[in-house]
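Here is a short guided walk through the structure shown below. Keep the view open while you read, and turn to each region as it comes up.

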Amino acid sequence: MMPLTRNPSSSPNKPTLHPLDPKVVRWSASVTGGDSNGRENQNGINDDDEFEAGELPAQGDQENQQQLVISTKTPEHKTDSWARSKLRSFNFSWRRSRMNSSRSLRAKIHQAALKGDWKTAKQMEDMNPGVLTMVISERSETALHIAARVKKTVFVEKLVELLDEHDLAFKNKFGNTALCIAAASGAVDIAKLLVRKYKALPLIRGSGNATPVLIAARYKHKDMVSYLLSQTPVYGLAIQEQMELLLGAISADYYDIALLILEWNQSLTLQRDFNNETPLHIMARKSGAIGKKNKPTMWESCMNKCWEHIYKKKMMQIQAYKMVEQMWSVVLEVIPENELSNFVMNPSSMLHEAARVGNVEFLKLLTYECPDLAWNVDGGRKSIFHVAVENRQASVFSLIYEMGEFLDYLPYYFDEENMSLLELAAKMADPSHLNRVSGAAFQMHRELLWFKQVEKIVELTMRRTKGKQSPRELFTQQHKYLVEKGERWMKETAHSCMLVATLITTVVFAAIFTVPGGYDNNIKVAGAIESNNNTGTPLYLNHKWFTVFVISDAIALISSSTSILLFLSILTSRCTEEDFLSWLPLKLVCGLGTLFLSVVTMVLAFSATFFLFYGKDTAWVPLLVAGMAIVPVYCFGVLQFRLWADALAALRATYYLYSKNSKPILF
């Protein structure tokens with residue numbers, strides 16, 4: 001019979017674990033219930049050993065022990081078979097209990113890290129030393145990774161005090177350290193705690209071999225990028241990483257950071273990305289990013305600081321201008337003059353890209369030093385002014401007045417489709433350009449204004465190919481549908497506004513004959529009071545608020561009646577192409593103005609009656625009513641402001657079109 005004894009030695013095929021492995025040794029004893037010295041548990045079994053066939057069953061299983069004694073009288077082959085089956089069952093139960101205990105411990109640490117519950121985590125660390133450094137998730141992450149992801153700063157601060165540099169540099173399944181995760185989440189305070197403990201941590205790369213500062217740039221966390229840049233030595237980044245960091249800062253509009261990177265390495269100006277583009281090519285497409293170089297005045301700074309968003313945008317534009325100016329100066333110093341055009345035009349023309357998006361300050365900066373660049377044409381044989389007209393970029397087209405030499409030669413510039421500048425203006429603009437203004441009527445006005453303005457520049461005596469449409473005929477054909485759409489929009493708007501004006505007229509007309517307080521029909525004759533039903537005066541005739549009521553009601557009546565007539569004239573208009581240039585916008589502006597005045601004065605007349613009825617003791621009542629009466633006035637002004645502003649802008653542009661001594665303005 002085979003004796004049932006413990007085998008203290010391990011199997012020769014058992015894998016050995018390093019004694020300093022934090023995933024095993026530092027917490028294995030705690031998980032299984034024993035101590036680090038491998039002492040026996042309550043059942044008399046050493047949990048650090050592996051168990052094989054021939055081991056004793058668990059203490060307390062009296063029935064099994066009794067069967068063991070009886071089985072000594074059975075044949076040897078039956079004893080071996082029975083003992084092995086029992087021990088296999090014991091080993092399975094013991095291992096399952098151990099796994100459940102480990103899983104429960106990991107779950108508790110995970111929850112404590114998610115909630116930032118340091119008290120619970122510290123208690124578990126005291127009971128099971130090393131538990132805070134073990135892997136607790138399928139992503140191979142420790143409590144530090146999880147707390148950094150959910151931005152539990154206090155938890156991380158306490159935890160970092162217990163960790164060493166090896167623990168801080170530990171990577172998860174995807175190769176990211178806790179600092180990489182903090183960089184992705186934008187937790188600057190956590191990043192400071194980690195870097196303060198381990199200075200070289202910003203140089204340890206994460207997923208995709210990216211440094212933490214590059215990860216922060218990809219997630220557009222400006223504060224994190226600024227901090228990590230101050231902690232990351234330039235020599236620790238490759239040229240391609242510096243380039244990616246610069247392009248990431250430009251893409252996120254962090255031009256102060258981009259300026260700092262360029263100060264480190266000005267040669268990045270000439271580097272090209274995977275699209276073979278330089279940072280200047282990318283800046284050319286940043287519409288509205290570049291402002292004027294001059295800093296705002298003291299008065300402008302005070303005003304801008306009242307609106308922090310406006311102030312930040314202004315400073316961003318100044319920084320962008322400085323960055324482009326610095327990069328262009330590097331180009332002029334390094335690139336020979338005979339190769340400058342090739343640098344600007346490849347892989348695509350940065351000048352034409354800037355003209356396409358309306359980046360006028362970029363164009364001014366480049367052409368100021370090199371005016372000849374403005375003569376370059378792209379693959380379609382278009383100049384920057386052809387591109388400006390095609391994309392309806394008024395600010396870029398206005399540069400033609402600052403470059404007088406172009407006025408004589410532009411009429412003879414044709415693109416590869418043999419279209420002149422005027423013919424480009426006659427074509428229908430792209431819907432994305434039309435939608436810059438509201439309403440089909442103002443879109444038609446804008447198109448007509450563009451054609452008229454280009455027509456003033458280009459020679460009208462230019463030869464026309466036989467059988468080819470004239471620019472004017474092309475314009476009419478291209479905009480036929482827009483004229484119909486604009487007419488329908490204008491008349492629908494006028495009809496709705498006239499309905500409101502009619503309601504106001506009806507109300508204020510009736511109110512003037514039903515004065516507040518009624519009439520005094522009693523008159524005094526020789527000291528006696530006689531009743532006279534035919535004549536009478538208002539009871540509050542001499543009250544100041546009655547005077548306010550009468551004047552407000554009269555203005556409301558007159559202005560609403562005028563508004564009705566103006567909108568009626570729009571409804572009866574023929575709405576030809578030329579009408580969209582001046583008359584229709586003028587009528588709409590005047591109609592909206594008088595309608596708004598009627599609404600204001602109607603509300604004022606309504607409020608005056610409350611001040612008339614209530615005395616000083618109850619003055620809060622009319623004040624409350626007047627305050628609430630402002631709401632419809634405010635709503636009307638805010639909701640219709642865009643429409644009114646577009647109409648005023650249209651009139652202003654038309655005025656400058658026909659003004660002889662003024663530079664034209666296209667919105």
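Just after helix α18 comes Gly358, whose phi is positive, near 80°. This is a predicted model, so the angles and distances here are computed from predicted coordinates. The helix that precedes Gly358 spans residues 350-357 and is mostly covered, with 6 of its 8 residues buried. Those buried residues are Met350, Leu351, His352, Glu353, Ala354 and Ala355. They pack against five helices: α14 (279-284), α17 (337-345), α19 (360-369), α20 (384-390) and α21 (394-397). On the other side of α18, in the loop that comes from α17, you will find Pro347. A cis peptide bond joins Asn346 to Pro347, with omega at about 0°.

Gly358 has company when it comes to positive phi. Arg381 is not a glycine, yet its phi is positive at about 60°. Arg381 sits in the loop between α19 and α20, and it counts as partly exposed because its relative accessibility is 47%. Cys575 also has a positive phi, near 55°, without being a glycine. Its loop runs between α28 (544-571) and α29 (583-613). With a relative accessible area of 2%, Cys575 is buried.

What lies at the heart of the packing? The largest nonpolar core has 158 residues, and Leu194, Met283, Trp328 and Phe362 have the most contacts inside it. Helix α25 (residues 440-457) contributes the largest share, 10 residues. In soluble globular proteins, nonpolar side chains tend to be buried together. Leaving aside neighbours within four places in sequence, Leu194 is in contact with Leu144, Val156, Val160, Leu168, Ala178, Leu179 and Leu201.

Now for the charged pairs. The structure holds 16 salt bridges, and three of them are set out here.

| Salt bridge | N to O distance |
|---|---|
| Arg139 and Glu141 | 3.4 Å |
| Glu241 and Arg205 | 2.1 Å |
| Glu390 and Lys382 | 3.0 Å |

The pair of Glu241 and Arg205 links distant parts of the chain: Glu241 belongs to helix α12 (residues 239-251), while Arg205 is in the loop between α9 (188-197) and α10 (212-218), 36 residues apart. Glu241 is buried, at 11% relative accessible area, whereas Arg205 is partly exposed at 22%. In the pair with Arg139, Glu141 is buried at 2% relative accessibility, and Arg139 is partly exposed at 37%. For the remaining pair in the table, Lys382 counts as buried because its relative accessibility is 16%, and Glu390 is partly exposed at 32%. Elsewhere, a network of salt bridges links Lys452, Arg472, Glu577 and Glu578.

Which residues does Met428 touch, not counting those up to four places away in sequence? They are Arg392, Leu434, Glu447, Gln478, His479 and Leu482. Met428 lies in the loop between α23 (421-426) and α24 (431-434) and is partly exposed, at 29% relative accessibility. Its C-alpha atom is 7.7 Å from that of Glu447, although the two residues are 19 apart along the chain.

A last stop is helix α30 (residues 620-639). Its 20 residues reach 29 Å from the first C-alpha to the last, close to the 28 Å expected at 1.5 Å a residue. Val621, Pro622, Val625, Ala626, Ala629, Val633 and Phe636 are its buried residues, and what covers them includes α29.

Notes
Residues are numbered from 1 along each chain as its sequence is written. This is a predicted model: local features need pLDDT of at least 70, side-chain atom pairs count only at pLDDT 80 or more; totals for chains, interfaces and linings use all residues. Side-chain values use heavy atoms; hydrogens and water are left out. A nonpolar core is a set of buried Ala, Val, Leu, Ile, Met, Phe, Trp, Tyr and Cys residues joined through side-chain atoms within 4.5 Å. Buried means under 20% relative accessible area, exposed over 50%, partly exposed in between (1.4 Å probe, protein chains only). Helices (H or I, at least four residues) and strands (E, at least two) are DSSP runs, numbered from the N terminus. Contact means heavy atoms within 4.5 Å. The expected span of a helix is 1.5 Å times one less than its number of residues. A salt bridge is a side-chain nitrogen of Lys or Arg within 4 Å of a carboxyl oxygen of Asp or Glu.
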